[in-house]
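Work through the exercises below with the sequence and the model open. Try each task before reading its solution.

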Amino acid sequence: MKVCKKCGAPQSDKRLVCIYCGEKLPDRLSVKEERSHRRDLEADMNDAVDPFRLSSSDKVAGVISIIGIIASVVTMIVSQSPYAIYGFMSIIMFAFSAVMALAPRVLWNFRIYTLGFKFNGEPEPTEWYTIGRIIAVWVMIAAGIYLLFMVMTQTHA
Ligand SMILES: [Zn+2]
């Protein structure tokens, strides 16, 4: 197998120029290179079809949620404020957003279980479900940050 340096298209060893872009093709890949190339392609394809793949937005949301939980716990411990109890609510918000962001498959299974869906074969989440989940994650994070901010500002007041 040869791989075009310009457009990345895999081609037959017999070709001298790329069938897609006309670029002169390099030497054929070694057996080892070819194996790793195939593995990359396969991983890309699996990612493209996996509705539960973590996007970078999910990863960022997950990290913020975990930092939020830690910040809430610390704030509740050190805060002398009568509002420290709100820390519990921000922990709950951040815990929800963490699970929703980092464990979409768990969330989906839970939804199927609680709604008692009757499906033929394995149900897949729709685009709208996925968009709804991402919006819910960020709403939870916003609520958690707001509550945490309230506890912190009351502490210093
Ligand atoms: Zn090409």
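**Exercise 1. Classify Trp 128 and Trp 138: buried, partly exposed or exposed?**

Solution.
- Step 1. Trp 128 has 8 C-beta neighbours inside 10 Å, so Trp 128 counts as exposed. The scale is this: 20 or more other C-beta atoms within 10 Å of a residue's own means buried, 12 or fewer means exposed, and in between means partly exposed, with C-beta atoms placed from the backbone.
- Step 2. Trp 138 has 16 such neighbours inside 10 Å, so Trp 138 is partly exposed.
- Step 3. Place them. Trp 128 lies in helix α5, and Trp 138 lies in helix α5 too. Helices here are DSSP runs of H or I with at least four residues, strands are runs of E with at least two, and both are numbered from the N terminus.
- Step 4. Add distances, C-alpha to C-alpha. Trp 128 and Ser 90 are 27 Å apart in space and 38 residues apart in sequence. Trp 138 and Ala 101 are 9.1 Å apart in space and 37 residues apart in sequence.

A note on the input: this is a predicted model, in which local features need pLDDT of at least 70, side-chain atom pairs count only at pLDDT 80 or more, and totals for chains, interfaces and linings use all residues. Residues are numbered from 1 along each chain as its sequence is written.

**Exercise 2. Describe the overall layout of the protein chain.**

Solution.
- Step 1. Count elements. The protein chain has five helices and two strands. From the N terminus on, their order is β-β-α-α-α-α-α.
- Step 2. Split into domains. The assignment gives domain 1 (2-49) and domain 2 (56-156); such bounds come from an automatic or database domain assignment. The domain centres, taken over C-alpha atoms, are separated by 42 Å.
- Step 3. Check the extent. The radius of gyration, taken over C-alpha atoms, is 24 Å, but a compact globule of 157 residues would have a value near 15 Å. The globule rule is 2.2 Å times the number of residues to the power 0.38. Along its principal axes the C-alpha trace spans about 75 × 45 × 25 Å.
- Step 4. Check burial. Buried residues make up 18% of the 157 residues.

**Exercise 3. Test the lengths of helices α2, α3 and α4 against 1.5 Å a residue.**

Solution.
- Step 1. Set the rule: the expected span is 1.5 Å times one less than the number of residues.
- Step 2. α2 has 23 residues and reaches 33 Å between its first and last C-alpha, close to the expected 33 Å.
- Step 3. α3 (residues 86-102) has 17 residues and should span 24 Å; its end C-alpha atoms are 24 Å apart, which agrees.
- Step 4. α4 (residues 104-115) has 12 residues and should span 16 Å; its ends are 16 Å apart, which agrees.
- Step 5. Look at cover. α4 is hardly covered, with one buried residue among its 12. Buried residues of α3 include Tyr 86, Ile 91, Phe 94 and Ala 101. In α2, the buried residues include Ala 61, Gly 62, Ser 65 and Ile 69.
- Step 6. Note the end of α4. Just after α4, Gly 116 takes a positive phi of about 55 degrees.

**Exercise 4. Which residues have the most contacts inside the largest nonpolar core?**

Solution.
- Step 1. Define the core: a set of buried Ala, Val, Leu, Ile, Met, Phe, Trp, Tyr and Cys residues joined through C-beta atoms within 7 Å.
- Step 2. The largest core has 16 residues, and Phe 94, Ala 101, Val 137, Met 140, Leu 147 and Val 151 have the most contacts inside it.
- Step 3. Assign the suppliers. α2 (56-78), α3 and α5 (127-156) each supply at least two residues of this core.
- Step 4. Follow Ala 101. Not counting residues up to four places away in sequence, Ala 101 touches Asp 58, Ala 61, Gly 62, Ser 65 and Val 137. Contact means C-beta atoms, placed from the backbone, within 7 Å.

Note on methods: Two residues are in contact if their C-beta atoms, placed from the backbone, lie within 7 Å.
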